[in-house]
Every structure is written in C-alpha cells, then in structure tokens.
Amino acid sequence: MAEIELLKHESRVFSPSTAWAQSANIAGMDAYRALCTRAQDDYTGFWAKLARENVSWQQSFSHVLDESNAPFYRWFEDGTLNASYNCLDRHIENGHGERVAIIFEADDGNVRKVTYRQLHQTVCKLANGLKSVGVKKGDRVIIYMPMGIQGVAAMQACARIGAIHSVVFGGFSAKSLHERIVDTGAVAIITADEQIRGGKTLPLKAIVDEALALPGCDSVQQVIVHKRTGNAISFNPKQDLWMEELITPQSKTCEPEWVSAEHPLFILYTSGSTGKPKGVQHACGGYLLWAMLTMQWTFDIQPAKDVFYCTADIGWITGHTYVAYGPLAMGATQIIFEGVPTYPDAGRFWDIIQKHQVSIFYTAPTAIRALIKASAINDQVHPKQYDLSSLRLLGSVGEPINPEAWMWYYQQVGQQRCPIVDTFWQTETGGHVIAPMPGATSLVPGSCTLPLPGIMTAIVDESGHPVPAGQGGLLVIKRPWPSMIRTIWGDPERFKKSYFPAELGGNVYLAGDGAICDKDSGYYTITGRIDDVLNVSGHRMGTMEIESALVAHPLVAEAAVVGKPDDVTGEAICAFVVLKRNHPTGQEATQIAVELRNWVSKEIGPIAKPKEIRFGDNLPKTRSGKIMRRLLRILSRGEQITQDISTLENPAILEQLKQVA
Ligand code: WTA
C-alpha cells in the first residue's frame, strides 16, 4: 500500500493516498459528502435504507423514527431482530461458518481460535443453560468476567434469549459491583473463578461473594462460574453453578428470541457528575446498526481479509461495540487478549500484531504514551524490533490524543503507511460520532475531524446558540441517531436532565464535552469534559464518586478531587483532604495517604485510586462556602496563584495544600 501523502508538513496534515481513496468502503470525500447530503435531505429515508441493507430483520420495520415522546426517541420499533443471530447465525448461513471469529491470546501466550460455527455452538449452549436456570427475556444478568471467549459468549447468550446484560469491569470493587447488582435487580451473575493478568491471578468469584453478602441482592438466583484457573474458591452449591457443567448437556442450537428493535440490549454503567453512576441503556436495533456502519466507515473493515484488534476490555463501551458486537456483526476475525500490554514486556502489543498478522489496531492514547516511555528506556520493546507490515489502519479512542503521541503512533507503529482514525464517542453514543474515514478524510493530529454521516453535530454556547467557528463551546448533537442512549436505567428524569437540558431547549443531545470547530476545515477538536468527570487512562471517573468514597472513611471530614494533567494517563486524580483532626504532616501524612488510597480502591476499584493526596485543615472556599475548585486545579499543577483571592474565606490554607503527602 502506498504511503499516505504528506500535504503540509507545517500543519502536519495527512491525506489518504490514492490507493486508500480507491479501495476503501468510503472512497474519497465525494462519497462521504454524498452520504451526508442524503442524511440532510431525507433523514429517516437515509437511516431506513442503511438499516434494511445491513441488519437482518426477522420482521421488517414499517416506521423509522418515533419522536412523539422526545427525548425518549424510538427507532425501527415494530421491526424484530436478534443481535446474536446477526452476529453469528447469518454468517454460517452465508457460508462463513469456518471463518475464525476470535483468536484468543491468553496472558501466558497460549492461543485458541474459534470459528463462527464453534462460537455459535458455545453461545447456543450457554443461552440454553441460562434458560434452564430460569433466565428470561427482559431479565438482567451481570457479567463480571476476564477478557476471553467466554465473556463475549456470555454477552451474546444474553442477547440471544433477550436478557439484558450489564457487564461490570473486572477492576471494579465488590462495592461497585454490589451497587450495579442492586440497581439492575439482576437475576443472575456470570463470572469466573479468577482472572489472570500480567502473570498474577485476581479473584473474581470471591469479589462476587463479597458483593452478594451486602444487603439488597435478593434478586440474584444463580451465580454461573467459568473455570479459568481451577484454583480453589468458595462454592455455595445452592446458588453457584460451574459454567462448564451447566452447558455440557445443553443442545447445540437455540432459537433466537426475536425482539423489538427497541428492546434493551444492555445496560452499561458510566460515571456522571453525581456520586451515583448512570446505567446507560441501549436498544438492540439501532445500536447494532451503528456498530456495523462504523466498522465499515471508520475502520473500513474487509471481513474476509482483515484481522481486527481492539484492545478494550468488555467492561467498557469500546469493548461492547468494537469487540462483542461490531466485529462479529460484520463476520470479521478479531483478536481478544487476556493480559496487559506490559507483560511479559512492553512489546506485547507489537508481538501480538506480528504473530497474528493484525491489520487494524485500535487502542487508547494512554497505552501509546506508556509504550513510548517503555521503548525509550528499553530498545528491545520498540515497535521497530517487530514486523508490523500487516497493519493497514490504526485507531485511537477514549481521550484526546496529543500530537506527539499521534506522530509516534503514525511513524513508529504505522510506519507512515497507516492512517490513524481518532474516534470521538461515548458510552451514550453507542459508537463513533466524530471520526475520520480512512479513504476520505485528511488527518490532523489531535483532531477527531468530521462528524459521521447522519450525525448532526454543532457547537453552542450555554444558552444553546451556535458559536462561530474557531470559538470553543459545548458539543451537541441536534438530531437523534439510532445508537443513542435510550434512557438511564430506572431514572428517566436524570436522563432528560443530563442529556437534554432545558437550558439548551430540551431537544439537543448534550455530550458533556467542550469542542472547537476549525474555521477552514470544519474539523472538530475536543477540548475535554465540561462537567466534574475526569478521564484517567481513557476511563471516565466522576470526582463526586471519589469524594464520596473518601468521606466514607472514618478519619475524613471533607474531600475535593480534581484532575491534574499527566504524561501517561492524560489526567491523574488529585485529592485534597481534610481530616476530622489537624492536618497530618511528614511520615504520618504518608501513612494516612496510603490508607486512603487503599480505601478508595476497596470502595470503587484500583482505577479510582488518587495519585496524589494533599492534606489541609480546610479547603479553599468562598464566603458562601463553595469550594474553589479552580484554585485546587492550579495548586495540583504546582502553578502560582495569580488571580484575585480576596473572596477566599481562608487564604492561609493554600500553603498547606501545596504539600503532597
Ligand atoms: C472522551 C469512550 C477526545 C470524552 C468511547 C468523552 C475523547 C468520554 C475521545 C467518553 C477522543 C472519548 N478525543 N476525547 N477521540 N474519545 N473521549 O463513555 O471526554 O468511556 O466524553 O466512552 O471520553 O468516555 P466513555
């Protein structure tokens, strides 16, 4: 494949090579613009055509979009389908049953491949197993699993019988898991004895037991345990079942449950600006359609040829759309990796790409930055030591990618041959909403470029008026789209308030990010969250969630959390803490800080551990008692406070808060 042509080095703009522009699913800007124009001219006709061409319907829909109960939009509602049928059966019917669906690479390097036919069998047996223990359409099932074939099979099995899965990332604590069990009212939990990452085993079943011992889990009837390591675990024969024993006697076929396109496919919790995570609910039809379209448009997937590798865990939205559903719905071959990028060394990703001839690689900027650092220290793990010639496309997701990391990814990993698709999206959007199309869009490092066809983005001010190009504002989406969030599970009011706020007129989707649109190119650059949500290693963390965890500690009186820029993780968690006694210093401060970090890890999960803790006898507050977070952000960055602090009730406190414990 020809190199991507360098247009203007100064502004570092890259343009798709002729080869790309000719062979891609969206071949050139004209093709992109034609799709956008179709969407403009006949919005519902545009979506209806795509939905008919891409999704296999059991019964076709007669109505495209129902806006009568906005913002609770409904798409293709009288159409019926099954997501698992779309991801498995139809490929077998089309003669692709022997194509490899998943290449699983275990933490220790062992490889297992499953074909579409084999995966279909596993999913059918598990689906029958779930039915045999009483799981029905509409029931919620919590999945707390390692990365692996069984995790994806568990999601697909739920989809097959119309049960609603809610995957909880394996790094969340018993308390976080408990909160999700109670909020969903789950009837079953699918887990594993342990997970293995970076050569270490981590208990999963023991955490499930701990969560279930907390009050309010009476809805749970069964815990289905996949035997991953075989190490001894506690087993309650009244409730626990080995997955392998459950599925062995089951039939290899399972008639899919045909559900309305609006039937919930899953609930996935994500952080918001209050202490309580939001259960984002997605619907089967629209979500599946968008997973398929973005696989074709953004990733240019060629199912018969590509080996697709998305490094995200199934516990996050990226692992839903671009591991569990998108690649399978397209009938593609994908890698699922159980471990971490730094084990046995920081060349693991490059080794996997080389070994399995990966052609499309999709990861997070935080991973790239960590690997840049590692390869600067140890040349042996530098991508140049590996044969990465199978790569044709790279992708980035989860946070803004800084131009330096972009350039390294482009030059060292893609060897100046592969376009990088910087994909902006969210748990709530279901799939990419602003992203380049590799055969059409010129690339600017740091910009996610242009909205996808059919996604009507705009940038507005706080009262909903459009801001001029080149000026920052709030990113909104003006029209509903098929894969959008349907509601917050159990809290429709919060859904309306969070995403369709009255201040913006109540009819546009508020993404929660700031953005700027370039005057000349129309390209979008995301400037970061506008609410109290941090982005740590591409993971969303609510400051309120961490603050609530901190104040639950018996020593803590008050806490405020802010994000601090970090070279590797993008943002790092910095906590300002007031104890119920004088602020500690020296050795004692260090000890209490360690204790508080472990406490947060226990309350939420290791991902929420503050990197820095600072103690003071108070927090900087205005005379009306409001915490001045702006000042805390300046302090966390170690910068001088130059602004007027005359409204500050207690200026002396600032000195104390400069010390990191
Ligand atoms: C951020 C992850 C800049 C953003 C798919 C968003 C990004 C939040 C990008 C959603 C990107 C995601 N450039 N920022 N390409 N992608 N974000 O729900 O702040 O885990 O609101 O979904 O991540 O995080 P979530």
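By class, the shell around the ligand holds six nonpolar, six polar and five charged residues. That shell is a good place to enter this structure, which is a predicted model.

Start with who stands around the ligand. In total, 17 residues surround it. The closest are Asp 422, Thr 423, Thr 427, Asp 513 and Arg 529. Three elements each supply at least two residues of the shell. They are the helix α11 (317–329) and the strands β22 (420–423) and β27 (524–529).

Now look at single atoms. Arg 529 reaches the ligand through its side chain: an N or O atom there is 2.8 Å from an oxygen atom of the ligand. The backbone takes part as well. A polar backbone atom of Gly 398 is 3.2 Å from a nitrogen atom of the ligand. At Pro 400, a backbone N or O atom lies 3.5 Å from a ligand nitrogen atom. How much of the ligand's accessible area does the protein cover? On its own, the ligand has 530 Å² of accessible area, and the protein covers 96% of that.

Return to α11, one of the elements that supply the shell. This helix is mostly covered, with 13 of its 13 residues buried. After α11 comes Gly 331, whose phi is positive, near 70°.

Next, the interior. The largest nonpolar core has 128 residues. Within this core, the residues with the most contacts are Trp 47, Phe 76, Trp 297 and Tyr 325. Take Trp 47 as a guide. Leaving aside neighbours within four places in sequence, Trp 47 is in contact with Val 64, Trp 75, Phe 76, Leu 289, Trp 290 and Leu 293, among others. Its contacts also include Pro 453, Gly 454, Trp 481 and Pro 482. Another core lies apart from the one with 128 residues. This other core has 44 residues, among them Ala 174, Ile 604, Ala 608 and Phe 615.

Finish with Gln 412, in helix α14 (residues 403–413). Is Gln 412 buried or partly exposed? Gln 412 counts as partly exposed because its relative accessibility is 26%, and buried means under 20% while exposed means over 50%. Not counting residues up to four places away in sequence, Gln 412 touches His 382, Pro 383, Leu 388 and Met 407. Val 508 lies elsewhere. From Gln 412 to Val 508 the sequence runs 96 residues, and their C-alpha atoms are 41 Å apart in space.

Conventions: Residues numbered from 1 in each chain as written. Predicted model: local features only at pLDDT ≥ 70, side-chain atom pairs only at ≥ 80, totals over all residues. Heavy atoms only, no water. Near = heavy atom within 4 Å. Polar contact = N/O pair within 3.5 Å; in protein donor to acceptor, adjacent residues only side chain to side chain. Areas by Shrake-Rupley, 256 points an atom, 1.4 Å probe, with all protein chains shown as cover. Helix = DSSP H or I, 4+ residues; strand = E, 2+ residues; numbered from the N terminus. Nonpolar A, V, L, I, M, F, W, Y, C, P; charged D, E, K, R; others polar. Core = buried A, V, L, I, M, F, W, Y, C linked by side-chain atoms within 4.5 Å. Buried < 20%, exposed > 50% of the residue type's maximum accessible area, 1.4 Å probe, protein only. Contact = heavy atoms within 4.5 Å.
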